[in-house]
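Me: I want to go through this model one site at a time. Keep the answers short and end each one on what I asked for.

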Amino acid sequence: MVTGDSAYIKKINRSLIIQKIVEHGLVSRADLSKITGLNKATVSVQVADLLNEGLIYETQLEHSSIGRRPIMLSINENAGFVLGIDLDYKSIIYTISNLKGKTVHENEEKFDTEEYESVIKSIITKIKEYQHDFSDRPYGIVNVVIGIHGTVNKQNESIRFIPRYKWLKKNIKEDLQKELNIPLFIENNANLSAYAEKVYKHHHSNNLLTVILTSGIGSGMIIDGDLQKGFHGYAGEMGHMIIYPNGEACRCGNHGCWELYASEPEFIKKLEAELQQTNLSISEIQNFLEANHFIVKSFLDRYLQYVSIGLNNIINLYNPETIVLNSRLLNIYPDSLEKLKGHLISSVSEYGEIALSDLGNQACVLGACALGIQRFLEVPEILLSAPENQTFLTMK
Ligand SMILES: [Zn+2]
């Protein structure tokens, strides 16, 4: 056998063993051999390596029936930490997670500038701070994954465009790497959100589509288990599919884009005009709903219709197994999901299930952490348990 091949096989076996240890939480060497189909000697050698590296540890079960208590293996979740960053408009969420996906630190930083250089500078400072804070752990901060609310070129992970910042063609990865000594990955926020829904919530689904209806409309697609990015990496700009001929003018140059009818800011803008009110918050809308406000309810009913027009198109394109909608409006409107399903009655469009996201605006940063763990452990797939009490961080 050629050495190159044996090294490759060793790597595949290692990855399989790590993946199963993460998946099972606690597992014995004998069970690992059964689950993976690898012989006991191979498992033993690999486990010895992982123990040496401090990535896993041994533990004995406290309560066991008669006989020898088996030695169990578990991921050493605090050996290293990943840093997920959600670079949103004038707000950055930093979340640090251990290797089992448990959040150990989170922080939201608000700022007032749109200037690329100063935003990058503050991210660099923060990353260096965290690297220092976690330097006493065996592996410290192992990598950083940054979610971008715009298009990301998949070849060099540069920003093509972030509409709200008006940042065009910024090589963020290169700019950060000049100042930092840590593996960095840049990914679109909707892709990370789709990844989070799969990793933390919808483990079974290999064809999952998430639609984020908050600031604009973003969507992330997992097809046959893989994130779909398109030729350059810009796939999934569903907000700009045209649902209205000669409709409202969109900043993209077209008229009648879905985003102008089904995104949260547009809904709020129109409702504010109708109610002659400014700075309407989600909780105020919720109060109106609780008081059975007729105009607000009828606006939301019409909103659901708009949402369903776009969804119908997407369903026909992708035949998804799972659709996850990330929307504060749908979350506060009672029975929104049932009403939405009522609009999706075409005998042609087929989907498996449709659900509301409860990861909220944490979806992107949690997806970033999950991707960081997957990259660090070098496993093809990772499934984690959802953080408890996840809520919309800034429900104002
Ligand atoms: Zn448009």
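**Salt bridges, zinc site and domains**

Reply: Start with a pair of charged side chains: E187 and K229 form a salt bridge, with N and O 2.7 Å apart. The two residues sit in distant parts of the chain, E187 in strand β11 (residues 184–188) and K229 in the loop between β14 and α7, 42 residues apart. Bear in mind that this is a predicted model.

Me: Is E187 buried or exposed, and what is its relative accessible area?
Reply: Buried means under 20% relative accessible area. E187 falls under that cut-off and is buried. Its partner K229 is partly exposed at 23%. The value for E187 is 7%.

Me: How many residues apart in sequence are the parts that D358 and K201 tie together?
Reply: D358 and K201 form a salt bridge, with the closest N and O atoms 3.1 Å apart. D358 lies in the loop between β16 (353–356) and α13 (363–377), while K201 belongs to helix α6 (residues 189–201), so the pair ties together parts whose separation in sequence is 157 residues.

Me: How do D358 and K201 count by relative accessibility?
Reply: The range between 20% and 50% is partly exposed. D358 has a relative accessible area of 41%. K201 has 33%. D358 is therefore partly exposed, and K201 is also partly exposed.

Me: Which helix holds both E129 and K126?
Reply: The side chains of E129 and K126 meet in a salt bridge, 3.8 Å from N to O. The two are 3 residues apart, so about one helical turn separates them. The helix is α4 (residues 116–133).

Me: Which residues are joined with K126 into one network of salt bridges?
Reply: K126 is buried at 13% relative accessible area, whereas E129 is partly exposed at 40%. The network arises from salt bridges that share partners. Joined with K126 are E109 and E129.

Me: How many salt bridges are there by this rule?
Reply: The rule asks for a side-chain nitrogen of Lys or Arg within 4 Å of a carboxyl oxygen of Asp or Glu. The E129 and K126 pair, at 3.8 Å, is one of those bridges. The count is 22.

Me: Which residues donate to the zinc ion?
Reply: The donor atoms are one ND1 and three SG, lying 2.1 to 2.3 Å from the ion. Along the chain they follow the spacing H-x9-C-x1-C-x4-C. The donors are H240, C250, C252 and C257.

Me: What is the geometry of the zinc site?
Reply: Four donors count as tetrahedral if all angles lie between 85 and 135 degrees. Here the angles among the 4 donor atoms run from 104 to 120°. The site is therefore tetrahedral.

Me: Where do H240 and C250 lie?
Reply: H240 is partly exposed at 22% relative accessibility. C250 is buried at 9%. The pair ties together parts that are 10 residues apart in sequence. Both H240 and C250 lie in the loop between β14 (226–227) and α7 (259–262).

Me: Which residues does P163 contact, leaving aside its neighbours within four places in sequence?
Reply: P163 lies in the loop between β9 (159–162) and β10 (167–170). P163 is partly exposed, at 25% relative accessibility. Its C-alpha atom is 9.7 Å from that of Y89, 74 residues away along the chain. The contacts are H149, G150 and R251.

Me: What is the bridge partner of V152 in β9?
Reply: An open sheet of 3 strands runs in the order β8-β9-β10 with antiparallel pairing. Its edge strands are β8 (151–152) and β10, each pairing on one side only. β8 and β9 pair over 2 bridges. The partner of V152 is I159.

Me: How far apart are the C-alpha centres of domain 1 and domain 2?
Reply: The chain is divided into domain 1 (6–75), domain 2 (81–193 + 362–377) and domain 3 (205–360). Contact between the first two involves 6 residues of domain 1 and 5 residues of domain 2. Their C-alpha centres are separated by 32 Å.

Me: Which residues does K20 contact, leaving aside its neighbours within four places in sequence?
Reply: K20 is placed in helix α1 (residues 3–24). At 16% relative accessibility, K20 is buried. Its contacts are L32, I35 and T36.

Terms used
Residues numbered from 1 in each chain as written. Predicted model: local features only at pLDDT ≥ 70, side-chain atom pairs only at ≥ 80, totals over all residues. Heavy atoms only, no water. Donors = N, O, S within 2.8 Å, 3.2 Å for Na, K, Ca; no water. Tetrahedral: all angles 85-135°; square planar, octahedral: opposite > 155°, others 65-115°. Helix = DSSP H or I, 4+ residues; strand = E, 2+ residues; numbered from the N terminus. Buried < 20%, exposed > 50% of the residue type's maximum accessible area, 1.4 Å probe, protein only. Contact = heavy atoms within 4.5 Å. Pairing = 2+ DSSP bridges. Domains from an automatic or database assignment.
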